[in-house]
Amino acid sequence: MELILKQDVQNLGFKDDVVTVKNGYGRNYLIPQGFAILATSSAKKVLAENLKQKAHKEAKIVADAKSLAEALKALEIKITAKAGGEKLFGSISNVDIAQALESNGHSVDRKFITSGIVKRIGKYNATVRLHREVIIELPYEIVAEKA
C-alpha cells in the first residue's frame, strides 16, 4: 500500500514522503491517526506541486538547521547527577540532554534526540536530528554531583 505521510513518523519516513507499507499498518494505524493519506495519482500531483512551492522555504530551514548544528557542536555539555562511585542513582536520557541544551540557550525537542539511557559517569554521544538533512553527533559528559 502506497501512502503519503502528512507528518514525520519514527522509523518510517518524513513529512511528504511517499512510502510503501503493509495494508494493515496503513489502514488500521497510519490513516486513522491522521499520519498519512492514500497515494492516489491525484494526491501525488498535488504533492508534487506543494513540494515545488516549498523548495525555496526548505532551503532557508536547512540553512537555519545547519547554523544551529554548528552552535551545538561548539557547546561543551556537562550533566551533573547524583552518583555512588561510577554508577548513577537513576539515569540520564534524552530529556536530560534537552534540558541541558535549553539551559545553554538552544531549544531542541527531546523527541529529536537519540541517546539511549545512561547509568554510568563518563563521556557519551547523542544523535540530534535538526532536519532530515542535518543530523549531528553531540558529545556530552556526565559528572558526579559534589556532596
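This briefing covers the domain arrangement, the salt bridges and the loop between strand 1 and strand 2 in one protein chain. The model is predicted, and the values below are computed from it. The domain assignment divides the chain into domain 1 (2-64) and domain 2 (68-144), and the centres of these domains, taken over C-alpha atoms, are separated by 30 Å. The loop between strand 1 (2-5) and strand 2 (18-20) holds Asn-11, and Asp-16 lies in that loop as well.

**Contact between the domains**

- Following the domain assignment, with domain 1 at 2-64 and domain 2 at 68-144, the contact draws eight residues from domain 1 and six residues from domain 2.
- About 640 Å² of area is buried between domain 1 and domain 2, and carbon and sulfur atoms give 46% of this area.
- Between domain 1 and domain 2 there are two salt bridges, and on the side of domain 1 that touches domain 2 the residues divide by class into three nonpolar, no polar and five charged.
- The count of residue pairs in polar contact between domain 1 and domain 2 is four, with both residues of a pair at pLDDT 80 or more.

**Salt bridges linking distant parts of the sequence**

- The salt-bridge count comes to seven, and one of these pairs is formed by the side chains of Asp-8 and Arg-129, with an N to O distance of 3.6 Å.
- Asp-8 belongs to the loop between strand 1 and strand 2 whereas Arg-129 belongs to strand 9 (residues 122-131), so this pair ties together parts that are 121 residues apart in sequence.
- The relative accessible area of Asp-8 is 37%, so Asp-8 is partly exposed.
- A salt bridge also joins the side chains of Asp-17 and Arg-132, at 3.4 Å from N to O.
- Because Asp-17 lies in the loop between strand 1 and strand 2 and Arg-132 in the loop between strand 9 and strand 10 (134-144), the pair ties together parts that are 115 residues apart in sequence.
- Asp-17 counts as partly exposed, at 23% relative accessibility, and Arg-132 is likewise partly exposed, with a relative accessible area of 37%.

**A salt bridge within helix 2**

- Asp-64 forms a salt bridge with Lys-60, in which the closest N and O atoms are 3.2 Å apart.
- Both Asp-64 and Lys-60 lie in helix 2 (residues 41-74), where they are four residues apart, or about one turn of the helix.
- Asp-64 counts as partly exposed at 41% relative accessibility, while Lys-60, with a relative accessible area of 55%, is exposed.

**Positive phi values in the loop between strand 1 and strand 2**

- Most residues other than glycine have a negative phi.
- Asn-11, a residue other than glycine, has a positive phi near 65°, and with a relative accessible area of 78% Asn-11 is exposed.
- Asp-16 is not a glycine either, yet its phi is positive at about 70°.
- Asp-16 counts as buried, because its relative accessibility of 17% falls under the 20% cut-off.
- The side chain of Asp-16 makes a polar contact of 2.9 Å with the side chain of Lys-54.
- Not counting residues up to four places away in sequence, Asp-16 touches Ile-4, Leu-5, Leu-47, Leu-51 and Lys-54.

Definitions and conventions: Residues are numbered from 1 along each chain as its sequence is written. Side-chain values use heavy atoms; hydrogens and water are left out. Helices (H or I, at least four residues) and strands (E, at least two) are DSSP runs, numbered from the N terminus. Buried means under 20% relative accessible area, exposed over 50%, partly exposed in between (1.4 Å probe, protein chains only). A polar contact is a pair of N or O atoms within 3.5 Å; within protein, one must be able to donate a hydrogen and the other to accept it, and residues adjacent in sequence count only if both atoms are side-chain atoms. Contact means heavy atoms within 4.5 Å. Domain bounds come from an automatic or database domain assignment. Buried area is the accessible area (1.4 Å probe) that two parts lose on being put together, summed over both. A salt bridge is a side-chain nitrogen of Lys or Arg within 4 Å of a carboxyl oxygen of Asp or Glu. Ala, Val, Leu, Ile, Met, Phe, Trp, Tyr, Cys and Pro count as nonpolar, Asp, Glu, Lys and Arg as charged, and the others, Gly among them, as polar.
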